[in-house]
Amino acid sequence: MDLAQASRKLFTGALSGITAFSLSVGMLLPTVAQGAVVDCASIKAGDLIKVPDNSAVYLINAEMKRQYFPTAAVFYSWYADFSSVKTILNTCIGTFKSGGGINFRPGSVLFKTVISPDVYAIGPGNLKLKIGSEQVAKDLYGDNWSSL
């Protein structure tokens with residue numbers, strides 16, 4: 001499956017699968033190496049965290065809320081690997097209120113909706129930005145823009 005198909009599947013699935021997502025997010029991300037458990041008080045904004053025996057990874061945002069990565073593809077649009085993920089105790093995760101999900105890194109992928117041939121990029125603030133033409137796509141993303 002190419003990235004465009006994966007992106008299309010992500011967006012259509014998001015509309016119908018929010019409930020299913022919450023139950024299966026841990027299965028979507030690769031297993032993260034189990035490291036030493038760190039003290040909850042040492043976690044700061046910008047840290048990536050997880051709990052033992054669960055592969056779901058969260059980012060602690062500026063408001064000290066935990067935000068989830070819905071898929072491995074979304075995680076990898078922001079980070080190269082899982083080396084900076086810190087493990088905290090299950091009893092500590094409740095310290096950080098839910099801050100919602102994280103989308104693809106702005107500019108990292110292009111997508112199309114199911115009902116239109118228009119191509120979009122994700123911009124800052126999760127804005128859906130229409131790419132005006134094939135030439136604009138080439139100018140912004142290079143000759144291989146369609147592979148994004």
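This tour moves from the confidence of the model to one sheet and the helix that lies across it.

Begin by colouring the protein chain by pLDDT, since what is open in the viewer is a predicted model. The protein chain averages a pLDDT of 80, and 76% of the residues reach a score of at least 70. Select residues 1-32 next: pLDDT stays under 50 throughout this stretch, although the model has 47 contacts for it beyond four places in sequence. For the two extremes, pick helix 2 (residues 18-28), where confidence is lowest at a mean of 36, and then strand 2 (residues 58-60), where confidence is highest at 97.

Now select strand 6, strand 7 and strand 8, which form an open sheet in the order 6-7-8 with antiparallel pairing. Strand 6 (110-112) and strand 8 are the edge strands, each of them pairing on one side only. If you look along the sheet, neighbouring strands are turned against each other by 45 degrees on average, with direction ignored.

Narrow the selection to strand 7 (residues 119-122) and strand 8 (residues 128-131), an antiparallel pair joined by four bridges. Within this pair, show A121 and, opposite A121 in strand 8, L129. Then follow the backbone through the hairpin, where five residues lie between strand 7 and strand 8, and stop at G125, which takes a positive phi near 70 degrees.

Finally, add helix 4 (residues 134-141) to the view: helix 4 lies across strand 6, strand 7 and strand 8, and runs at about 115 degrees to strand 8.

How values were computed. Residues numbered from 1 in each chain as written. Predicted model: local features only at pLDDT ≥ 70, side-chain atom pairs only at ≥ 80, totals over all residues. Heavy atoms only, no water. Pairing = 2+ DSSP bridges. Axes fitted to C-alpha atoms, helices over the stretch in contact; angles between N-to-C directions. Contact = heavy atoms within 4.5 Å. pLDDT = per-residue confidence, 0-100.
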